[in-house]
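Reader: I have this model open at the bench and would love a close look at one part, the sheet and the helices that go with it. Could you walk me through how that part is put together, and then say how far the prediction can be trusted?

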Amino acid sequence: VKVAILADFGSTFTKVMAVDLAEGAVVGRAEEPTSLGGEILDGYESAVRSALADIGRPADVRVEAAASSAGGGLRMVAIGLEPGLTTTAATTAALNAGARLVGVLTGRLAQADALRLASLAPEIVLFAGGIDGGQERIVIENATALAESLGEAHVVVACNKAVAKSVSAIFRASARSVHVVPNVLPEIGVTSVDEARETVSRLFITEVIAGKRLSGSPRFARLVRMATPDAVLRAAVLAAGAQDGAAGDGIVVTDVGGATTDVYSVLMRSPVSGFGTRRHGFARAPGIRTVEGDLGLRSNAPGVLQADGRWLEGQIGPGRWLADACERRSTQPAAVFSDGPERELDEQLAVSCMFRALERHCGTRSIRRGVAGRPSLVEQGPNLTGCRTLVAGGGILRHVPGDRLVAAALARLPESALAPRRCRVIVDRRYVLGAAGLLAQAQPEIAKTLLRRELREEVVDECW
Amino acid sequence: MTTPVSLAGLLPSDLPDGREAVAEGRAEGTALEIAPSLYLQQKGAGSERAWRERAAADGISCTCINIGLATWPDTREALGCIYEDSLSRGIRPPDRFNILAERRMGLPKALRLAAPQETGPLLMTQEDWWETTHTVPIQPEAADNTIGGPGSHDNAVDAIQAGITHIGVLSQYMWRWPYWEDETGQVMAVLRAAGVLAAHRSHGVCFDSYLEDGYPGVFHDYANYVGWAMLERYVCEDLIGAAYSCSWGGLTSDPVTKAAVTLALRAFRPEHVPAGFVQGDTIGNRADIEANAGVVSTDVLFMKAVDLRYRLGGAPIAVPVTEMERIPTWQEVAQVHAINRRLEEYLPSVASAIDWTLIEARRDTLVDGGRRFFEAAIAAITSSGIDVTDPAQVLLVTKRLGAAACEELFGAGVPDEDYPRGRRPVMETDLVHQTMAERSRLLEFVHGSGDSRLGGMRLVLASTDVHEFAKFLLDAALTEAGARVIDAGVNRDPEDIVSVAVESAADAIVITTHNGVARSFAQVLRKELRSARLGEVPVFMGGVLNEDVEGSEIPVDVRADLAQLGVAPLATVEELIGKLAGFACASPGAPT
C-alpha cells in the first residue's frame with residue numbers, strides 16, 4: 001500500500017498518521033511524547049515505526065510531511081493603521097498563517113510602541129497601513145518609529161503599494177530579512193491576505209523553524225511544511241468545499257487545547273444582512289482564525305473560570321474545589337483525568353471554552369443607539385448563521401461524549417450571536433484535519449477524499 | 001462571477017411551521033358563513049369574483065373608489081352621499097370601495113383601544129362590519145390594515161362573515177405596526193388569516209395584494225414588479241391555497257407602461273383572478289388643480305380601454321385632482337367617479353386606435369423578466385437551505401431581505417454598474433427614469449465646466465443612512481470630474497468615515513444625509529477627525545440638512561449650525577464640485 005506519513009509536532013505530543021494514498025483513508029496512527037530539549041526526530045521516528053506497524057501490511061511511504069507548533073509556535077506581531085481596516089487585515093493574515101500573535105500595534109506609532117515591539121521579540125512582523133494610493137506619510141512615520149526595534153525579526157511589508165519600497169528600505173537596515181507582498185487591504189472593502197499569509201508560511205519553514213534548534217538534523221526542516229494552525233485552516237477550506245453543499249454557507253472548526261481555544265471559519269457564500277440592518281464595520285476575509293489565549297483546559301483553566309465562572313459553578317456547584325481544581329490544572333498541564341469529578345470538570349470546561357470562543361469569534365446582531373440616539377438593528381462581525389457543519393477538535397472530545405459537549409456549547413449561544421444554527425456536529429476524533437491540510441499541498445484530491453470519508457464517518461449527532 | 005450569497009441567517013432558529021398556521025386557519029374558516037352583501041344580492045352573485053368574471057365577459061366596466069374619512073360613521077355617511085350623487089347624475093354608482101382602515105386595525109382586537117388613535121375608520125364590532133356591506137349596494141374590499149399585521153386573523157374572520165369576498169392586503173406583511181415587535185407572530189397571524197380565506201376559495205373569496213404597499217413600491221424595474229407578483233402568487237396559491245388577486249398602479253404615470261404592466265400581471269396567473277382594483281396615478285398630479293383633470297382623464301381612459309379589450313374584470317380607480325393637497329371630500333370622490341363613468345362612452349372608438357401589438361410586446365418582455373426574477377429568488381432561497389414549501393420561511397426571508405437586496409440579487413436586468421442597483425432595468429420605473437436623467441445632466445455639467453477639475457483629489461464619500469440615489473449621483477459626477485472617490489458605503493457611523501479617511505489620506509470628506517441627524521453627525525465627525533489629527537480635512541454635507549429635536553414637531557434646519565461646526569452645507573452637486581475645485585486650486589499640497 002502506498003502511504004503518506006503526516007505528522008504534527010505539538011508541544012507535548014508528536015502525532016503521526018499513515019494515509020492510504022489510493023483510498024484516502026487513515027490506515028495507521030501513533031503518537032509519542034515530543035522530545036524537546038533533545039532530538040525532536042527521535043520521538044518522531046518511533047511514532048512513524050508504530051504507525052507503519054499499525055497498518056498490518058507492507059507500506060511504501062510516498063509522502064512525508066509535518067506541521068509544527070513545537071518550540072512556542074510562530075511568534076508574530078501584526079501592525080496596521082486603523083482597527084477594523086488595515087489592522088484587522090494584518091491580524092487576519094498573521095493568524096491565518098498559523099501564528100501565535102504576541103502583539104498588535106495600531107495607529108500612529110511612537111517610542112512606546114517601539115519599546116513594546118522590542119520586548120515582544122517576535123519572529124516575524126507583518127507591517128500594513130494605508131490602502132493602495134492612500135495614506136503614505138503616517139505609514140512611513142510608523143516604519144521609521146519601529147526600524148530600530150525589530151530585533152531578530154523578519155518583516156513582511158503589506159502596506160500601501162505606493163510606499164512599500166520606501167518602507168522596505170527603512171526596515172532593511174535592521175531586520176533579519178524584508179519581504180514585500182501586495183497590500184492586505186488594497187481598497188476599502190477588499191481584504192487580500194493570501195499572499196501575505198503564504199509569505200509568512202514560507203518564512204516559517206525556511207527561517208523560523210530552523211532557528212528554534214529543535215533538531216540537529218536538516219531532515220526536520222525538510223519535514224516541516226507549515227505551522228499546525230495553518231494546516232487546520234487549509235483543511236477547513238478544503239472541507240467546506242468537500243461537503244457537497246452540506247456545509248451550507250461554510251464550515252466552522254473549533255479546537256480546544258490545554259493553553260488556547262482556536263476557532264476557524266470559512267465562508268463560501270456571503271450572508272445577506274436583512275432590510276434595515278446596519279452593517280457595523282467593514283467586510284472581512286471569508287476565512288478567518290481566532291485564538292482565545294485565556295481559554296484552555298490546562299494552563300488556562302483559571303482563565304475559563306474567570307470567563308464563565310457563574311455557569312461552571314451552576315454545573316459543578318460553588319465552593320473552593322472548583323477554583324482549586326482549575327488552579328491545579330494550570331500548574332500540572334500534563335495531568336490526565338479519565339473519570340470522576342475531575343473528568344467531569346474537564347468536560348464542563350470544554351463546553352465553556354467552545355461557548356466563549358464561538359461567542360467571541362462570531363458576529364452579533366443587536367439593537368444599538370447610533371448618532372442622535374437613534375436605535376437601529378446593527379450587525380457586526382462574521383455572520384455564520386448559515387454554516388451547516390461544525391467540526392470540533394481537541395483531545396477531550398475524542399472520547400464519548402464529544403458531540404454532546406459541542407451541542408451543549410451551541411445551545412448556550414444567544415439568538416443575538418451570528419453563530420451556526422441547525423448544524424451537523426462532527427467530532428474530529430482522529431486529528432484528521434491537520435493531516436488533510438498537509439496533504440492538500442501535494443495531493444488536494446486525496447485530501448478531499450480523506451476529509452469526506454473521515455468527517456462523514458464521524459457524524460455522531462444532529463444538533464438542532 | 002459574483003460571490004454566491006446566503007439568506008439562511010435571516011430566519012430565526014425557532015420559526016414555527018407556516019403550513020400548520022394555514023391549516024389552523026383553514027379549519028376555522030370552514031365553519032364560517034359568508035353573509036350576502038347588498039351589492040352581491042343585487043347582482044345575484046355569490047362573490048365579487050363571480051360577478052366580475054361575468055361582467056368582464058359581458059363587457060361591463062367596473063369602477064372602484066378609495067374613501068377613508070376620519071371615522072367609520074363619517075365614511076359610512078359619505079358612501080351614502082356618493083351613491084345618491086351617482087343616482088342623481090344618472091350614472092351607475094361605483095361598483096366597489098376600498099376600506100382604508102386606521103392603522104390600529106392591524107393589531108389584534110385586544111390591543112386596539114390601548115394603541116394611539118390615528119385618522120381613518122376603525123371597525124370594532126360585528127355591527128360595524130355588517131354596515132360595510134349593508135349601507136349601500138357598493139361592494140367593499142377589506143383593504144389597508146386588514147391582513148398583513150398581527151391582527152390579520154381577527155379581521156379575516158370578521159370580513160368573511162360580513163360578506164366581503166376580496167380581502168387584502170398581502171403585500172402589507174412587509175409593514176410594521178406600532179407597539180408590535182414580534183415579526184414571527186405577525187407572519188403566523190397573516191398565514192392563519194390566509195388559511196381562513198383559503199377555506200373559501202371555492203366560494204370566490206380572494207386574497208388581494210396591492211404591490212406598491214410592498215417592495216415593488218421602491219423597485220427600480222417593472223420586470224421585478226412582475227417577478228415579485230409571481231412570488232406572491234406562488235405563496236398565496238401554491239403554498240397557502242387561497243386565490244391570488246393582484247392590484248397595483250399608483251406610482252406609474254405613463255399610460256402605455258401601465259397598460260403593459262397590467263397585462264403582464266395577468267399573463268402568468270392561470271386562473272386570471274380579476275384584480276381587486278387598478279389604482280389611478282398618484283404621482284402625476286401637481287399644484288395646478290384644474291390641469292390635473294388631464295391626468296385623471298388620460299389615466300382612467302387607458303386603464304379602462306385595457307380592461308375592456310382584454311376582458312380583465314378589473315376596477316380602475318380615478319384619483320381626485322386635489323389628492324396631493326388634502327384628503328378628498330366625498331364630493332371630490334363623486335366628481336372623479338362621474339368622470340370615470342363618462343369616459344366609458346369614448347372607449348370603443350379609442351380602443352380601436354391603440355397600437356396593442358406594441359403594448360403586448362412590452363407585456364411579453366416584462367413577463368420574461370419577471371420569470372427571471374422569480375426563478376432567481378426561488379433558487380437563492382432553496383440553495384440557502386430554506387424550505388421553499390413553507391410559506392412562513394418564504395414570507396419572512398423575503399421581508400427581511402429588503403427591496404434593494406431583492407433587486408440586486410434577483411433582478412431581471414443585466415449587470416450594469418452605471419445603475420444604482422447594479423443592473424440595467426428591463427423597464428425603468430419613473431423614479432429611476434428621473435435619477436438617470438439627473439445623472440446625464442450632471443455629467444454634462446461636468447463636461448461643460450472643464451474636464452478633470454478635481455484631478456486626482458481623494459474624496460471619501462459616505463451616506464449616513466440607506467439612501468442610495470444621492471450617493472450614486474455624487475459618485476458618478478465626482479469621478480467624472482477627475483476625483484478619486486473612495487466609497488465608504490451607506491449607513492456609516494462617523495468613526496467609520498474617519499478610519500477610511502486615515503487609511504486613504506483623504507483630501508476631503510463628502511457626506512450625504514437624509515435621516516434627520518445632520519447636526520449630531522457633523523458634531524461627532526468633527527470631534528473624531530480632530531482626535532485622529534485630521535482636523536484640517538474639509539467636510540461637505542448635502543441632502544436633507546435638518547435634525548429631529550425635542551419640542552418641535554418637524555425637524556429643524558441646521559445649515560447654520562453645520563457651517564459653525566466647520567462643515568460646509570451644500571444645496572447642489574454643482575456647488576460641491578465648484579467648492580472642491582476652489583479647494584484643489586487653493587491648497588498647495590493638493591494635486592492639480
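Author: Happy to help; what follows goes through the sheet strand by strand, then the helices, then the confidence scores.

Please keep in mind that this is a predicted model. The part you ask about sits in chain A, where 5 strands make an open sheet in the order S3-S2-S1-S4-S10. The pairing in this sheet is mixed. Its edge strands are S3(A), residues 25-33, and S10(A), residues 224-227, and each of these pairs on one side only. On average, neighbouring strands are turned by 20° against each other, with direction ignored.

In general, the strands of a sheet pair through backbone hydrogen bonds, in either a parallel or an antiparallel way. Let us start at the S3 edge. Here S2(A), residues 13-20, pairs with S3(A) in the antiparallel sense, over 8 bridges. If you would like a landmark for this pairing, look at Lys15(A), whose bridge partner in S3(A) is Glu31(A).

Further along the order, the sense is parallel for S1(A) and S4(A), which pair over 8 bridges. A handy landmark here is Asp8(A), which has Ala67(A) in S4(A) as its bridge partner. S4(A) also pairs with the edge strand S10(A), again in the parallel sense, over 3 bridges. To find that pairing on your screen, go to Ser68(A): its bridge partner in S10(A) is Ala227(A).

Now for the helices that go with the sheet. Helix H1 of chain A, residues 40-55, lies across S1 (2-9), S2, S3 and S4 (60-68) of chain A. Its direction runs at about 145° to S3(A). Helix H6 of chain A, residues 194-211, also packs on the sheet, where it touches S4 and S10 of chain A. The direction of H6(A) makes about 115° with that of S10(A).

While you are in chain A, another helix contact deserves a visit. The axes of H8(A), residues 228-242, and H14(A), residues 432-442, come within 7 Å and cross at roughly 80°. That angle makes H8(A) roughly perpendicular to H14(A). From H8(A), the residues that take part are Ala231(A), Val232(A), Arg234(A), Ala235(A) and Leu238(A). They meet Leu433(A), Gly434(A), Ala436(A), Gly437(A), Leu438(A) and Ala440(A) of H14(A). By kind, the residues of this contact divide into 8 nonpolar, 2 polar and 1 charged.

For a second helix pair, turn to chain B. There the axes of H4(B), residues 72-89, and H12(B), residues 330-342, come within 9 Å and cross at roughly 40°, which makes H4(B) oblique to H12(B). The crossing is right-handed. Among the residues in contact are Cys81(B) and Ile82(B) of H4(B), and Trp330(B) and Val333(B) of H12(B). This contact divides into 7 nonpolar, 3 polar and 2 charged residues.

Finally, the confidence scores. Chain A has a mean pLDDT of 89, with 95% of its residues at 70 or more. Residues 457-464 of chain A have a pLDDT below 50, and in the model this stretch has 22 contacts beyond near neighbours in sequence. Where pLDDT is low, predicted coordinates should not be read in detail. Chain B averages a pLDDT of 92, and 98% of its residues score at least 70. For the complex, the predictor gives an ipTM of 0.85 and a pTM of 0.78.

Technical notes:
Residues are numbered from 1 along each chain as its sequence is written. Chains are lettered from A and ligands numbered from 1 in the order in which they are written. This is a predicted model: local features need pLDDT of at least 70, side-chain atom pairs count only at pLDDT 80 or more; totals for chains, interfaces and linings use all residues. Side-chain values use heavy atoms; hydrogens and water are left out. Axes are lines fitted to C-alpha atoms, for helices over the stretch in contact, and angles run from 0 to 180 degrees between N-to-C directions. Helices (H or I, at least four residues) and strands (E, at least two) are DSSP runs, numbered from the N terminus. Angles under 35 degrees count as roughly parallel, over 145 as roughly antiparallel, 65 to 115 as roughly perpendicular and the rest as oblique. Contact means heavy atoms within 4.5 Å. Ala, Val, Leu, Ile, Met, Phe, Trp, Tyr, Cys and Pro count as nonpolar, Asp, Glu, Lys and Arg as charged, and the others, Gly among them, as polar. Two strands pair if DSSP finds at least two bridges between them. pLDDT is the predictor's confidence in each residue, from 0 to 100. A crossing is left-handed if the near helix is turned anticlockwise from the far one by less than a right angle, and right-handed if clockwise.
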